[in-house]
Amino acid sequence: MNMLIKRFNFLMLLGITPLFISAQNITDMAVMNDRTADAFIENGTQISSIDDSVFVHPDRICYDRRCIRIEGKDVFVFSAAFHYFRVAQPLWADRFRKLKEGGFNCVETYIPWNWHERRMPRSPQDESCLDMKELDDFLKMAEDFGLYVIVRPGPYICAEWSGGGFPQWIMQKKPAKTAFDTWLQSNDPEFMRWNEHWYRAVCRTVAPHQLTRKEKGCTGVIFFQVENEFNRIKWFPKEAKKDYLIRLSQIVRKYEIDVPVITCWTDEARNVEEGVLNGVVDMVNSYPRWEIEKNFGRLINQQLRTQPGKPLISGELQGGWMSEVGGKLSWEQDGLMPVQTQNITLYALQRGFCGINYYMTVGGTNFDDWGARQMTTTYDYAAAIAENGSTNERYRRFRGLAHLLKEHGTRIARADVLPVEYTSTDPDVKLVLRQASNGDRYYFVRTEERTRHHFGTIQTSDFTFDFALEPFGAMIYYLPADAEQGDWLPELPDAETRPTVKADTIRLIPDKRMADPLPTRWVKLKKGEYIDHDGIYGRHFVYYRTYAPQGKLLEVGRIGHKLINGTDADEVVLSVQGKRLPVFKEDAYSVFYQLPGDSAINRKVEVVMLFESKGLHHHTKKIVEDYWGIGLNYVRCGGKELSLEYAYTENERGLNLSKGGRLQEKTPTETTELNEPLLSWYSYSFTLPEQPRGVWFPYHLRLEHSGNGFIYINGHCIGRCWQKGPQREYYIPECWLNIGGENHLAISLRPISDGAEIQRAEIIPVTWVAERRNN
């Protein structure tokens, strides 16, 4: 192969045309398309604008432009995203143990407001509905495992979580007149009062767990984030956004948070030369898949140019990706292979990062109906520690990277980039050199070509070495000062071996298949109100009843197809005289049904409807606020709005059935019996064998079905099942199972075009991840 002679010009390397970045939220394309930072010299001559007074306890924790310093020493923060609200609490210790064994020294979590305040308080001063115990337990356990903690309480968290973390009841607090058309995430005075209500509770819980409140040598909370991904918000003036961030930061300090404050994807926190925002670090988030230099590089360039004196920290570096209804499961998606984790990490080190948080590192589950609109029940995320607690090749890569970072992380962060001329036998392999103050050299060798292995030789003016990279590979050739030969890093540990365990799949035969009895008690709704006005905040099926003139066209208001950020429509299954009616027509706001009977006869018929919400979106915007309420928007006939009654019974019945109970007994009611049910139930019981002593493996429920519904096991709601897929297997937390005893499973299904039927149900022992547990 001909030698390709390259002159490594760092400035040209940064001159990259951006592509679309697939990220947790919509990437700020203004940043991605802004080339003004591309000529920024990485080692930099910019003067820091950071006022040291921003550090409340600089002897305990502070930072400079290169590193985070804890108790006077440089620390590379190697952090793992772990959502306590997506993992059953009895399993936390197992996940923490694996993080510790994986080499992580920090854990990060969002804190969802709606999880901790599920009932509506009377006023911002009313704290009677807040329950912060789970957060306190999580922080305490992280300390017990010797991990630092990064907390991110929003108030907006995104996280593919219902409402982005905002409580369902919050929109009932919105005044008739607000500062802007969109209320959430604004500096509207009333909204700020509620923000302080939430932050006060969070800060009171977090403050005792801060590193600054612990004895030296102990771990604790090291960063506190205000807001989240604020660049996504385009409908407020920048001055209002900046004021909002200032107020949030002031509230944090008011309630005794004294560790450094951070945010992410928030331009208004950058280039602030005075005041409370002067010390706020705006972190880089990136989900570049295969396009690392193009999609991650420009964000870094902007960070270097706009935050002089502040370190490079990634609040979210790609550790996988979510799955959506109708899409692909995480591990089936392109660009999420474990090799990408190593490549993106080494690129971050090449650019000078001193802190990385991988989103996600611990997979989880959107239990019950807490996932955002159109999210699958699984939130496995292709994470290193899977939803079911197993570890995988990504975890092995992390272990190797952790050892590299422990030995060299802060030295690399403080090393300078040296322009270097080199020749390579492979034009797809690039080289960057960082040299430490003691002369140690770190040659970053990487490729973004992913179809073949890469073997060859690199020659610089004073050094020559051979390389061997896997497809999309990245390595560091570490050459100590005055040495003639170096070492390739990271060194990956051997693949873990696990015991062979024999366990059989359990084919489930339904004990019963039943039509859901129609409700016997109905609650009247006031005109313009939703069921959340009655304190119902779940997203389970809702029955509605009304009476309409026969033979007329009935209009039902609901969220239509693509109305909310391109998502699927909410569904209404409607029955008259015991039979389901087909949809006559529909648009983005309404669905229409032709009622049976002669319209010339002045007679009303009972109309029973089953409503299926696709969930509350995880973004905020005007259209989301307009459709925030749970349930039908209206039911009209001939332009006249009809009165409605509702019944919210599916969730209670599912929990009862899955405890071995029975469906509610029918009592005399005026409601017509349905020949074609709007909702059906499948009930199963099964016994699990004892597992071999000292060996654990998880169980999954595998379903083949038509219709959409909810899955319940032993008094817990696992989550939703969708005919549209892609999920067909559901992790069952072992703490919710009776190992060696009887278990009860209940599944509700509402019909779609193919009806509602379970063709096959199995309990699958996932024995290939069998492992020994020591807790």
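## A guided tour from strand β10 to strand β40

Begin by selecting residues 281-286, 292-306 and 313-318: strand β10, helix α8 and strand β11 make a right-handed β-α-β unit. The model on display is predicted.

**Stop 1: strand β11 and its two partners**

Keep residues 313-318 selected and show the surroundings. Strand β11 is mostly covered, with 6 of its 6 residues buried. On one pairing, β10 and β11 run in the parallel sense, joined over 3 bridges. To locate this pairing, display V284, which stands opposite S314 in β11.

Next, add residues 355-359, which form strand β12; β11 and β12 also pair in the parallel sense, here over 4 bridges. L317 is a convenient marker, since it stands opposite Y358 in β12. As background, strands of a sheet pair through backbone hydrogen bonds, in either a parallel or an antiparallel manner.

Now add residues 338-351, helix α9. Together, β11, α9 and β12 make a right-handed β-α-β unit. Strand β11 therefore takes part in the unit with β10 and α8 and in the unit with α9 and β12, as the definition of a right-handed crossover applies to each.

**Stop 2: helices α9 and α10**

Retain α9 and select residues 393-414, helix α10. Two packed helices are described by the angle between their axes and the distance between the axes. For α9 and α10, the angle is about 10° and the axes are 9 Å apart. Angles under 35 degrees count as roughly parallel, so α9 is roughly parallel to α10.

To view the contact itself, show the side chains on both helices. From α9, the participants are P338, V339, T341, Q342, T345, L346 and L349. They meet E393, R394, R397, F398, L401, L404, L405 and I412 in α10. Coloured by residue class, the residues of this contact divide into 9 nonpolar, 3 polar and 3 charged.

**Stop 3: two cis peptide bonds**

Return to the end of β12 and centre on Y359. The peptide bond from Y359 to M360 is cis, with omega near -10°. M360 lies in the loop between β12 and β13 (364-365).

Then move to G154, where the peptide bond to P155 is likewise cis; its omega is near 20°. P155 belongs to the loop between β7 (148-152) and α6 (189-206).

**Stop 4: two residues with positive phi**

Remain in the loop between β7 and α6, where C158 is located. Phi of C158 is near 60°, a positive value in a residue other than glycine. Is C158 buried or exposed? With 0% relative accessibility, C158 counts as buried.

Select N714 next, in the loop between β39 (708-713) and β40 (716-721). Phi of N714 is near 50°, again positive in a residue other than glycine. The relative accessible area of N714 is 16%; because buried means under 20%, N714 is buried.

**Stop 5: an open antiparallel sheet**

Finally, display the open sheet of 5 strands in the order β15-β17-β18-β21-β22, which has antiparallel pairing. Which strands form the edges? They are β15 (416-418) and β22 (487-489), each of which pairs on one side only. Direction ignored, neighbouring strands of this sheet are turned by 30° against each other on average.

To end, select residues 474-479, strand β21, which runs antiparallel to β22 and is joined to it by 3 bridges. Here I476 has L489 in β22 as its bridge partner.

Notes. Residues numbered from 1 in each chain as written. Predicted model: local features only at pLDDT ≥ 70, side-chain atom pairs only at ≥ 80, totals over all residues. Heavy atoms only, no water. Buried < 20%, exposed > 50% of the residue type's maximum accessible area, 1.4 Å probe, protein only. Pairing = 2+ DSSP bridges. Axes fitted to C-alpha atoms, helices over the stretch in contact; angles between N-to-C directions. Parallel < 35°, antiparallel > 145°, perpendicular 65-115°, else oblique. Contact = heavy atoms within 4.5 Å. Nonpolar A, V, L, I, M, F, W, Y, C, P; charged D, E, K, R; others polar.
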